[in-house]
Amino acid sequence: MKSTSLSLIAGTVALAAVTGFAALTAPGDGGTTEAKAATRLPVERSSLLCPAPGLSDLAETTYTSFTPAGGGGEAGTAELKQSTSTTADDATNKDGNKDKKDKKGEKGEKAKAKADSGKPVVSLKEPGKPATADESGADAPALVGTATGRLAPGWTTQQTTTVEAGGARGLLGVSCTGPDTDFWFPAASTAKSREDYVHLTNPDDTAAVADIELYGPDGTLKSDVGEGITVPARSSVPVLISTLTSEVAEDVTAHVTTRTGRVGAVVRAADEGVGSDWLAASADPTGTLVLPGIPADATSVRLVAFAPGDDDADLKVKLLAKNGAISPAGHEDLHVKSRMTAGVDLKDITRGEAGSLLLTPARGGKGTPVVAALRVVRGKGDAQEVGYIPATGPVGAQATVADNRAKGSTLSLTAPGATATVKVTASAGSGGGEQAVKTYTVKGGTTLAVTPPVPSGLKGSYALTVETQSGGPVHAARTLALPQDGIQMFTVQTLPDDGGTVEVPAAEQDLSVLDD
């Protein structure tokens, strides 16, 4: 009886660490014990999905995988593998015509993809040190991965693609996402100058079925083909948004949900004349939103917001800069009608000083839930480059972003409420070097933009981990800038809490009964 009961307790704790929930029933009493107090334990399994980066034969993609040190637990694995098949060649182009391909060659490529699906593209061996891998060309596949044991808590992977020329030109960065059933993408578009794809990636062994709803400035955009999109098992499907509707709109909110299964979802936005980047999902609808990390030299900033419920939203718009909050002249308020996408041009709102946007209910209280994102442009004329910043949650206990270089990274820390202190750890480099740690204090109502610490003796790239030490919530974003031929190529990734730990109820149990 004693060993059986102890195994039950251990199994319950392990289940909670994987799923975030478990209940413990005392042997023989037929009831569930009461939870005394929750404790936090590291997760034992994490999943990540990276979209197919293929844009151009000139594309050069780097994957950087990392787990922060100190998570404890048993030894595990963390591997990202090719999806068994990708269907980018089956996506329709802007004219509605499908790309034609030699069927014999297509069968050969599918067979190769299936054979390669068991080989890790990037494999992480230990916490605290990044692992990297490189892919070239337009045929790089989507990746599906799982981390277990001590490599699971806080596992993250950055996908960074450089395209130096052509219509897909740009520096495209994305933190690979976990699977889910609901995603919001304000700042998408069906404009003639845009070519936006929603990439859907299925991590599971059974097919998923997804729906994509589109909302423009006047409400729902009519579509007969956005429903019931099948994403085969362990596969990725890119869907060109402009083929889902005949209506043209500059500002569109895309809503991705699944009927069955789970997917990872992210939008690849290409904008004629200003390059391309990935648009990650906004934080879940809420009354107050923070969009951190607007570059100091932004020449154009466009805010796109959407209220998914039955009520309109009235928002106060403020820029949290180095020395405090600023209300943008002429755009202090934003009215968002129910189920209609609102867009406003904030122009060069930062005026040489990096900042973050804060959206709050105009009348106080919780307000009407909204989602939001920013389209940000740096440079002028032929040297423009675009990036996207979605609303994001706070850093929480811990958040990480990988693929930082010796030069080119800027870390933006925003405290929308009370003053806060955070610890920033620069990991060892992927090729060597010693970690560096620095503590920052962020005054309430401000944004602190810093050049983050760099590991001593750095070789390769490194990861940044931000931990809240005291005070109010902190929202963070990393800007990676890699100038090319006079073009200020950049990409911005937000740092929400990595979910590396879960609350586990402490079961109230009289262990003396185990000796009976």
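Helices here are DSSP runs of H or I with at least four residues, and strands are runs of E with at least two, numbered from the N terminus. Counted that way, the chain in this predicted model has two helices and 39 strands.

Let's start with the chain as a whole. Of its 516 residues, 50% count as buried. Turn to the outside, and the accessible surface comes to about 22,000 Å², with carbon and sulfur atoms holding 48% of that area. As for who touches whom, take the contacts with a separation of 6 or more: 81% of them are between residues 24 or more positions apart.

Now for the inside. Rolling a probe the size of a water molecule over the atoms shows where empty space is left. In this structure, there is one cavity of 30 Å³ or more, and the largest cavity encloses about 50 Å³ of space.

So what lines the largest cavity? Walk along the sequence and you'll pick up Leu 49, Cys 50 and Pro 51, then Val 174, Ser 175, Cys 176 and Thr 177, then His 199 and Thr 201, and finally Gly 264, Ala 265 and Val 266. Four strands each give at least two residues to this lining: S2 (45–50), S10 (170–175), S12 (194–201) and S18 (264–271). The largest share belongs to S18, which brings three residues.

What about the chemistry of that wall? Sorted by class, the lining has seven nonpolar residues and five polar ones, and no charged residues. If you want to find the spot on the model, the start of S18 is a handy place to look, since Gly 264, Ala 265 and Val 266 are among the lining residues.

Definitions and conventions
Residues are numbered from 1 along each chain as its sequence is written. This is a predicted model: local features need pLDDT of at least 70, side-chain atom pairs count only at pLDDT 80 or more; totals for chains, interfaces and linings use all residues. Side-chain values use heavy atoms; hydrogens and water are left out. On a 1 Å grid over the protein atoms alone, a cavity is a set of points where a 1.4 Å probe fits but cannot get out, and a pocket is an open set with protein on both sides within 12 Å along at least five of seven lines; lining residues have an atom within 4 Å of a point. Grid points are joined across faces, edges and corners, and a volume is the space filled by probe spheres set on the points. Ala, Val, Leu, Ile, Met, Phe, Trp, Tyr, Cys and Pro count as nonpolar, Asp, Glu, Lys and Arg as charged, and the others, Gly among them, as polar. Buried means under 20% relative accessible area, exposed over 50%, partly exposed in between (1.4 Å probe, protein chains only). Contact means heavy atoms within 4.5 Å. Accessible areas come from the Shrake-Rupley method with a 1.4 Å probe; for residues, only the protein chains shown count as cover.
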